[in-house]
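Grab a pencil and let's work through a protein fold together. Have a look at the sequence and the model first, then try each exercise before reading its solution.

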Amino acid sequence: MTPRHDREDIHVSTTDAASDRESLRDLAVRVAAEAGELAREGQAGITVLDTKSSPTDVVTKMDRATEDLIRARLLAERPDDAVLGEEGGDEGGTSGVRWVVDPIDGTVNYLYGHHDWAVSIAAEVDGVAVAAAVNVPRRDEMYEAVLGAGARLNGRTLQAPPAVPLEQALVATGFGYRPERRTQQARVLLEVIAHIRDIRRGGSAAVDLTGLAAGRFNAYYERGLHAWDWAAPGLVASEAGLRVGGLHGGPPGEDLVIAGRPELYEALQDLLAPLGADTDG
Ligand code: LIP
């Protein structure tokens, strides 16, 4: 039988089009590529425009300009979709598709001229991330994923390496911007570090989670992330064979995100739970 997508006689309804994961992924990749280029060109000489949750939680004019470009491109092609973005908030839609966007994840890295920041774009259908693109422009890395169809890095299939024992694990993490929260995060880390190979704090959750999928770490955890931080890189990581969730089998959430090969995820979760890693102490 002729594949469905090759048959011109079949009318593709709006609902079918809305749930076409690969076309959502293709759009995410195209827009993340253009947005990444804009942000890369704007990095030199960038300064702080505004602050958010604390005086160290900064916004630059490129965070806003990059998100504006992403919203404009997505809505030009799919005007009925909703968009949730780190800088511009929630914009409703009627198609059942919502884009979850972080224009520059790792803004402090961006501000200081570091390489590790990313443009993240995920498409959710009825609340489930089904397609994603994460562009790390200064590493020339484009990650992409489709739910149930795997993840790729620069066009090559991505499979996370097997688990290692917890005591051999290189673990990535991050800290929130508010002093009370990061004090508790440091307390948790003080315990964690005695049970693992070492810790890495890269400064971008998106680069951490995609780097985990690429084998640069063995596991990751962080408290206080938002949906835009984990939506796209979380799908890349899970499609690369990693478990991405919260404590006690829950989904990833603002309380805690943990990621790793399932055996290592379990071991890290067992270490983190009694330490109150999902609390502010
Ligand atoms: C940042 C993360 C980082 C985390 C920070 C912050 P931003 O995102 O990616 O890893 O530790 O708390 O959420 O603010 O640069 O988009």
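Below are four exercises, each with a worked solution.

This is a predicted model, where local features need pLDDT of at least 70 and side-chain atom pairs count only at pLDDT 80 or more, while totals for chains, interfaces and linings use all residues. Residues are numbered from 1 along each chain as its sequence is written, and side-chain values use heavy atoms, with hydrogens and water left out.

**Exercise 1. Trace the open sheet of 8 strands and find the strands at its edges.**

Step 1: get the vocabulary straight. Helices (H or I, at least four residues) and strands (E, at least two) are DSSP runs, numbered from the N terminus. Two strands pair if DSSP finds at least two bridges between them.

Step 2: walk along the sheet. The order is E4-E3-E5-E6-E7-E8-E9-E10, and the pairing is mixed.

Step 3: look at the ends. Strand E4 (89-91) and strand E10 (156-157) each have a single partner strand, so one side of each has no neighbour in the sheet.

Step 4: zoom in on one end. Strand E9 (residues 150-153) and E10 run antiparallel, joined by 2 bridges. Here leucine 153 sits opposite arginine 156 of E10.

Step 5: add the helices. Contact means heavy atoms within 4.5 Å, and angles run from 0 to 180 degrees between N-to-C directions, with axes fitted to C-alpha atoms (for helices, over the stretch in contact). Helix H7 (residues 227-239) lies across E3, E5, E6, strand E7 (128-136), strand E8 (141-146) and E9, at about 95° to E7.

**Exercise 2. Work out which parts of the chain the salt bridge between glutamate 144 and arginine 25 ties together, then do likewise for arginine 223 and aspartate 280.**

Step 1: recall the idea. Side chains of opposite charge can pair when their charged atoms come close. The cut-off used here is a side-chain nitrogen of Lys or Arg within 4 Å of a carboxyl oxygen of Asp or Glu. By that rule, the structure holds 23 salt bridges.

Step 2: take the pair of glutamate 144 and arginine 25, whose closest N and O atoms are 3.4 Å apart. Glutamate 144 is in strand E8 and arginine 25 is in helix H2 (residues 21-42), so this pair ties together parts 119 residues apart in sequence.

Step 3: check burial. Buried means under 20% relative accessible area, exposed means over 50%, and partly exposed is in between (1.4 Å probe, protein chains only). Glutamate 144 is buried at 10% relative accessibility, and arginine 25 is buried at 10% too.

Step 4: see who else joins in. Arg25, Asp26, Glu144 and Arg152 make up a network of salt bridges.

Step 5: turn to arginine 223 and aspartate 280, with closest N and O atoms 2.9 Å apart. Arginine 223 is in the loop between strand E13 (219-222) and H7, and aspartate 280 is in the segment after helix H8 (262-272), so parts 57 residues apart in sequence are tied together. Arginine 223 is buried, at 8%, whereas aspartate 280 is partly exposed, at 31%.

**Exercise 3. Describe the largest nonpolar core and say where it lies relative to domain 1 and domain 2.**

Step 1: define it. A nonpolar core is a set of buried Ala, Val, Leu, Ile, Met, Phe, Trp, Tyr and Cys residues joined through side-chain atoms within 4.5 Å.

Step 2: size it up. The largest core has 38 residues, and those with the most contacts inside it are Val100, Val134, Tyr143, Leu158, Tyr220 and Val236.

Step 3: find the contributors. H7 gives the largest share, 8 residues.

Step 4: place it. Domain 1 (4-158) and domain 2 (166-275) both supply residues, so the core lies between them. The domain bounds come from an automatic or database domain assignment.

**Exercise 4. Trace the open sheet of 5 strands and find where tyrosine 220 fits.**

Step 1: read the order, which is E12-E11-E13-E15-E14, with mixed pairing. Strand E12 (198-200) and strand E14 (243-245) are the edge strands, each pairing on one side only.

Step 2: look inside the sheet. E13 and E15 pair in the antiparallel sense over 4 bridges, and tyrosine 220 stands opposite alanine 259 in E15.

Step 3: add a helix. H6 lies across E11, E13 and E15, at about 155° to E13.

Step 4: list the company of tyrosine 220. Leaving aside neighbours within four places in sequence, its contacts include Val171, Leu209, Val257 and Leu268.
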